[in-house]
Amino acid sequence: MLLRGAGRLLGVPPRRARLVERRGTQAGVPPGTLREQPGAQPAVIEAFRYSAEGFEERASVSADEAAALVGAPGVTWINVDGHRDAAAIRRLGEAFGLHPLVQEDLTSTHQRPKLEPYGERQLFVVVKMANPGSGPAEDAYAGGQCDHDIEQVAFVLGPDYLLSFQEDAVGDVFDPVRDRIRAEAGRLRSFGPDYLLYALLDVIVDHYFITLERIGDATERMEVEVFENPTPKLLGTVQALRREVVVLRRVIWPLREVLAALLRDESPLISDRTRLYLRDVYDHQIQAVDTVETIRDVLDGLVDHYLSAVSYRTNEVMRVLTVVGTIFLPLTLITSCYGMNFDHMPELHTRYGYFVVVGVMVAVTVGILGYFRRRRWI
Amino acid sequence: MLLRGAGRLLGVPPRRARLVERRGTQAGVPPGTLREQPGAQPAVIEAFRYSAEGFEERASVSADEAAALVGAPGVTWINVDGHRDAAAIRRLGEAFGLHPLVQEDLTSTHQRPKLEPYGERQLFVVVKMANPGSGPAEDAYAGGQCDHDIEQVAFVLGPDYLLSFQEDAVGDVFDPVRDRIRAEAGRLRSFGPDYLLYALLDVIVDHYFITLERIGDATERMEVEVFENPTPKLLGTVQALRREVVVLRRVIWPLREVLAALLRDESPLISDRTRLYLRDVYDHQIQAVDTVETIRDVLDGLVDHYLSAVSYRTNEVMRVLTVVGTIFLPLTLITSCYGMNFDHMPELHTRYGYFVVVGVMVAVTVGILGYFRRRRWI
Amino acid sequence: MLLRGAGRLLGVPPRRARLVERRGTQAGVPPGTLREQPGAQPAVIEAFRYSAEGFEERASVSADEAAALVGAPGVTWINVDGHRDAAAIRRLGEAFGLHPLVQEDLTSTHQRPKLEPYGERQLFVVVKMANPGSGPAEDAYAGGQCDHDIEQVAFVLGPDYLLSFQEDAVGDVFDPVRDRIRAEAGRLRSFGPDYLLYALLDVIVDHYFITLERIGDATERMEVEVFENPTPKLLGTVQALRREVVVLRRVIWPLREVLAALLRDESPLISDRTRLYLRDVYDHQIQAVDTVETIRDVLDGLVDHYLSAVSYRTNEVMRVLTVVGTIFLPLTLITSCYGMNFDHMPELHTRYGYFVVVGVMVAVTVGILGYFRRRRWI
Amino acid sequence: MLLRGAGRLLGVPPRRARLVERRGTQAGVPPGTLREQPGAQPAVIEAFRYSAEGFEERASVSADEAAALVGAPGVTWINVDGHRDAAAIRRLGEAFGLHPLVQEDLTSTHQRPKLEPYGERQLFVVVKMANPGSGPAEDAYAGGQCDHDIEQVAFVLGPDYLLSFQEDAVGDVFDPVRDRIRAEAGRLRSFGPDYLLYALLDVIVDHYFITLERIGDATERMEVEVFENPTPKLLGTVQALRREVVVLRRVIWPLREVLAALLRDESPLISDRTRLYLRDVYDHQIQAVDTVETIRDVLDGLVDHYLSAVSYRTNEVMRVLTVVGTIFLPLTLITSCYGMNFDHMPELHTRYGYFVVVGVMVAVTVGILGYFRRRRWI
Amino acid sequence: MLLRGAGRLLGVPPRRARLVERRGTQAGVPPGTLREQPGAQPAVIEAFRYSAEGFEERASVSADEAAALVGAPGVTWINVDGHRDAAAIRRLGEAFGLHPLVQEDLTSTHQRPKLEPYGERQLFVVVKMANPGSGPAEDAYAGGQCDHDIEQVAFVLGPDYLLSFQEDAVGDVFDPVRDRIRAEAGRLRSFGPDYLLYALLDVIVDHYFITLERIGDATERMEVEVFENPTPKLLGTVQALRREVVVLRRVIWPLREVLAALLRDESPLISDRTRLYLRDVYDHQIQAVDTVETIRDVLDGLVDHYLSAVSYRTNEVMRVLTVVGTIFLPLTLITSCYGMNFDHMPELHTRYGYFVVVGVMVAVTVGILGYFRRRRWI
């Protein structure tokens, strides 16, 4: 069917990250107010305690049990899934002496990545994690769809503990680190909680790369297709990719600042040994920033390319019409002319009039074709 | 009706923020000159005095009564609605020792957000507040309309007082803070006036987010619609949104600098305790800046998208015309040819001439269609 | 008349600021060379001397008389109109000990705004003033016209004097300051020459705002008109406004640096009291910079809007032609077909052939209209 | 053939650098983990030892033999080809005391250019090298092809040794330096390993220029061709060049930072003598950065130019069609009119009707041509 | 002739600066290698010696004679024309103790503007000079031609000497300075070589302005013409100007850094007296930078303007075709209809059929014209 579906260029665009996250804030609420959310599921809390000698793992503890770990020997890692359980967060907050503002921030998932020292003994870190989709990369962005999520992870680093707070869904991303605590005889268990923080940040930055790889693959496919067939669907995909990159950029840039601040920070909570490792994560993060900018640059080029390609095609289509019109309109005038019914049209009655006219028409056609050929239109 | 209303693409664009605020200044007026505005309504002044023990609230006081509160025990908050009442401002200015330049700035609503210390004992802060509209977000920007206002709020922070000066209309935005003074047994009443300043700035930044949420919603709707039906009305809405963002950006960026300066400032007027809270507002403000930039980026992408989509549609329209013209112009030439009235046109008198011609026409048509099919134009 | 005047889209564009100011320099002339311009009119010099107690004003003095004021008690303000009178400038230069480079700069109006300290006892300040036009703002930029001038004002600030040098035409801009010297019992007369410098800079920055208001008004009118009727004339106006903004930006940005340097400067020539006032001018200047950027941003948006609107209109025009062509070309083929003169065309001789053909034509028309309706082209 | 090949604008685009390098990382792997790659070819290691007096060269040594050179007198240069041989890297790492993170980075080719000091005694440098293609420059980018590779080179600089690690393919780039060690009586052999590092970086920066020259040549050819014949193929080449520049920029910019850091660095590993030479490389690198930006700027201009040129051509094509249509449609109406078969058409039977009609047609044609001439369309 | 020359939009573009200068480097050549160029013409060396008391000028000396001037009393200025004479440069280099890197740089004309101190006693300065064309400015850029050259000038400043090295062609640019040495009783002869360096840099910056004036003039002419007649030739000129500006920018920006470094530099080679003059050159240079950016901004606006103007014209052309087509296609259908040869077409035989049909055609025409009039298409 000719140009089917032109009324609807691309249909409904798919799921996307929000431009402005819905906060549900009421302006003027006092800071440190934990939003009690009735009916919220209780947080899932798991606790690790480890040292070079060994480790203890408790998969599901109550907030009270976790709070009782304050001051225990070795490194304590408490991981909280579920930011809606204000009671649990308050309980942990009291036990570990979290500032009311930290407690408030922990119940909200709309923080910008940031590093905030609270005195000498606590660092509060908020980062965003990109959770790449699980389907084959080939389909992930086809049609402008985006299947990754951006979620918040917060950390509180103390002298001998690390608290981590995730949104509900991202629980298993940290599994490789858990496995390393369980298995490793080496570095992770013999270092302090600052190294654990590094290991978790490293996982998060690695996930940016996996997400960027998927976006990069889709972009490269667009680069091939815009050469072959610039359709509105393709433009939609390019724009959707561009938007994802714009949104991703918003979470990747501030993470860079967070890591730079961690490196610069004089806090005794970060040991010099660990700082070397953080420098490595920082380098990866800079590379992620570079990659985001490069992909965006290429996408901007694709939008220009698309417009130019479409303009060229319009030019081409018009050239065909103009060539056809310029040939046939004069010829039709000639034939139409000798279709007039005047009584006195001497040519009509000559013996070879018809053939002369046909000859003239052929000559006109050849002349016009020659003209277009000289102008390289055909 | 075909393309009704094309003469007027979108009608009169709706209310918008001014690009340059009308100052009505006469150049060369000496600084510190309060613009007396005859017939201006007297300012509405309300005074709070509070401490951890209790509070006193006086809803409507005269400038003289407010001035008499200088040096009273506890924290004094004097809120002035109405910047046109030069007499009241001068009276308060004398009582609280405001610099002539501060007094002049207070009578003008065209200040850029700024932080100006006056000696060790006064901080002068000017910010802009975005007052989001109250209708349903769905209609707020439909048709490029903008229903939020941008208004000025100025503060003078002293050792034991805070003066706030609003334009006439924004009175009830601070109500949640008033309620917290009345109700709270906690932080607000036991901290100094610097914390009160924080609380009010927090309300103002929260209002930016509410405004940005509305703009973000409208932008996301545009993203859907530009896929489905790129009309001039839609372009108008996108451009209007872009303009709002440009204007909003102009007030959000300098507020960031103001907050950064408050954080950095060594002034004894801001206690370390309060500085932690200001850091939180600062983070929110940075997030607002990010959001403004992201929305703008997406809107710029939409403008490109619109142009590309319209170009594609033109291409499509032209393709239809070219296909139609390329088929029918040659056919019409053939029929017109045999409509000529020459005496000697042998074909006309053959038995099957007509049918042969019809056959030729069908063949030409098939050929042309095949050609277009091969080029994928149909 | 159809599309009258299309050959000349807008006619000759109106008066505009030069992109590169004509210097008439010969490269390699030694610095400090005053360009003697034969036949140049003598400078008009006026001198003020004032202190808290009183003032003396001499409207038109010779360079020698002005030079004799060196070391007089109170504050001396010497205002020189006319930069071409090299002799007068040299005379004053000797009297006040101006560096040869300063003297050279004073005879040229092509300086960039700058602040140059010469030792501890002289500050050399060059700024540009925008002299807004005097007609009604409604006409100022209609048709891309620009009626403001950009002129140079230079100051030399000494311990007890201020020299100001204007181009010829801007004499009365400083009148309000003159009036304040004459009238005021207050600040201006009791402060030093640094405050006088402030007062004059304040007047200059105020004039930027008046100019920006006019440009802003014209821009807002364009925003309305681009919705209603995007003509080449409008595009010309938008481009002319954009150009004015680009040129204005070039003089506003460096003034900002000049003011920042004045604020930062440790020079004993600027008292702390005056610094508070300079901070105020600086804030205004920043606001002018913001406004210039915002206007420019909006104008860039308008150019995109214009292009998109014209593209849409082309699309619309083409749609009409395509609909008309798609309906009438096939119909004409049918009628033309039955105009052929073959001897054997059985349909021609049937009783209802004509009516059947008309019926077929109506059906074809309805079918095509239905097709376009479904595609929403009509 | 008319517009042959329009269905496929440019065919499949050629080989290009990846936007995001495939890491094959599994997130969460502990740092310092060397990726053992079964079946990887063993690294090719060559060792140089030299001093002012002489040199010793061993073309192919085992990792153990290389490790045995630690602490040998003179300068030791060990060059490792093949980053996949984790065992060799680990062996060298132990011998030279490389940090686990360095060892890990050496097995990955996805590092961003960086400079990392490890204590006082080791500098770890990663750079990217552009390996320009070997064919004639004329063909290198024709059709948007890109024939250069970007590969990683890493260095570890110690007090008396330099380790260099290349990807497999770039072995012979360093040959000129090898020759200088073998031949030169001069600087290279009498300086330390820091000078050797300089010499190798100098080779790498030189290769950027060779690559940039090729891109610059191709760009200049595009500048000529876009004037003569703006085809989609040309647009494809421009876009491909732009993309190469975007990718190249991503490796050139950080190298600049690396060199700046080397210059600034207080490390005792870099002598002041060598610093003068590094400053020279740094200058070249800045020039490479400038060149990249300039080329990109010119390419962006070409994209705009292309779009404008195509738009102009469309305008031109349309003008031809409009002129033809405006002349022939009215004429055809006239002739068609007198082809009607009404019984009563008085004009048909006049003696000179036919000639009058032909005269009218000529007059109409002349009038229309004059109209177009006046509008300068022809 | 209709659209003559459309096949070649502008012909071959004229001479232009290279994007990447051809170095002819072989990567890996040891630094400090002077490129011996067999057959290169010997350098033309001239020597000045001057002090407040007098001067000595030797127009053409050999390298040996120039070298013999080391340590002569007064200020020695040795000017070398011709960078290809490696022998002369080596001879001078030995005499004045130039670092091997300086000697190498002197034989290459592809340096970026830079300032390099070599110890306390030598400053090495490389700048680029724009040599404006000599023809009338009106023709300089017509047709996108560019008639200025960019050439390199290098300086070595010592305690009592200045060496200057030019490319071959620029010899007479320094003539005004030579004349000042010969003639002046004043500053130049009584200051040191630092002032001579200033005087030469001043000449070079003045030449930028002359070049920028020519480009600015051509740009302003384009601004007028794009309103009147947007042709591809004009677009070519605009693009060529833009390119010149891009290239010029690349040499003007780093000169600014060089001058800033000279100002900041603590080197005893630059006296405080001279620093005041350098500040003046620096100000001019900043102004040149501003001007380059402004011109570029205006040129970018012109490209947009061109595209918009062409789009508008296409719209206009289409409107004419659409109006013509919409009027004549229906009319032709009507006439064609009554040209059918059906036996039974009752209307044909009525008395006034013909006149009725003509009346209907007039009515249709009026209706269509009215429709277009209402839509303001005509």
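Before I turn to the sheet, let me say that two strands are taken to pair if DSSP finds at least two bridges between them. With that in mind, and remembering that what we have in front of us is a predicted model, I would like to start with chain C and then move on to chain E.

In chain C, seven strands form an open sheet, and their order across it is 2-1-3-7-6-5-4, with mixed pairing. The edges are taken by strand 2 (55-61) and strand 4 (114-118) of chain C, each of which has a single partner strand, so one side of each is left without a neighbour in the sheet. Ignoring direction, neighbouring strands of this sheet are turned against each other by 15° on average.

If we look at one of those edges, strand 4 of chain C pairs with strand 5 (residues 122-131) of chain C in the antiparallel sense, over five bridges, and C:E116 stands opposite C:F124 in strand 5 of chain C. Packed on the sheet is helix 5 (residues 175-183) of chain C, which touches strand 1 (44-50), strand 2, strand 3 (75-81) and strand 7 (161-166) of chain C, and whose direction makes about 35° with that of strand 1 of chain C.

Now to chain E, where the axes of helix 8 (residues 232-264) and helix 9 (residues 272-337) come within 8 Å and cross at roughly 155°. Because angles over 145 degrees count as roughly antiparallel, helix 8 of chain E is roughly antiparallel to helix 9 of chain E. The crossing of these two helices of chain E is left-handed, and the residues of their contact divide into 25 nonpolar, two polar and nine charged.

Note on methods
Residues numbered from 1 in each chain as written. Chains lettered and ligands numbered in written order. Predicted model: local features only at pLDDT ≥ 70, side-chain atom pairs only at ≥ 80, totals over all residues. Heavy atoms only, no water. Axes fitted to C-alpha atoms, helices over the stretch in contact; angles between N-to-C directions. Helix = DSSP H or I, 4+ residues; strand = E, 2+ residues; numbered from the N terminus. Parallel < 35°, antiparallel > 145°, perpendicular 65-115°, else oblique. Left-handed = near helix turned anticlockwise from the far one by under 90°. Nonpolar A, V, L, I, M, F, W, Y, C, P; charged D, E, K, R; others polar. Contact = heavy atoms within 4.5 Å.
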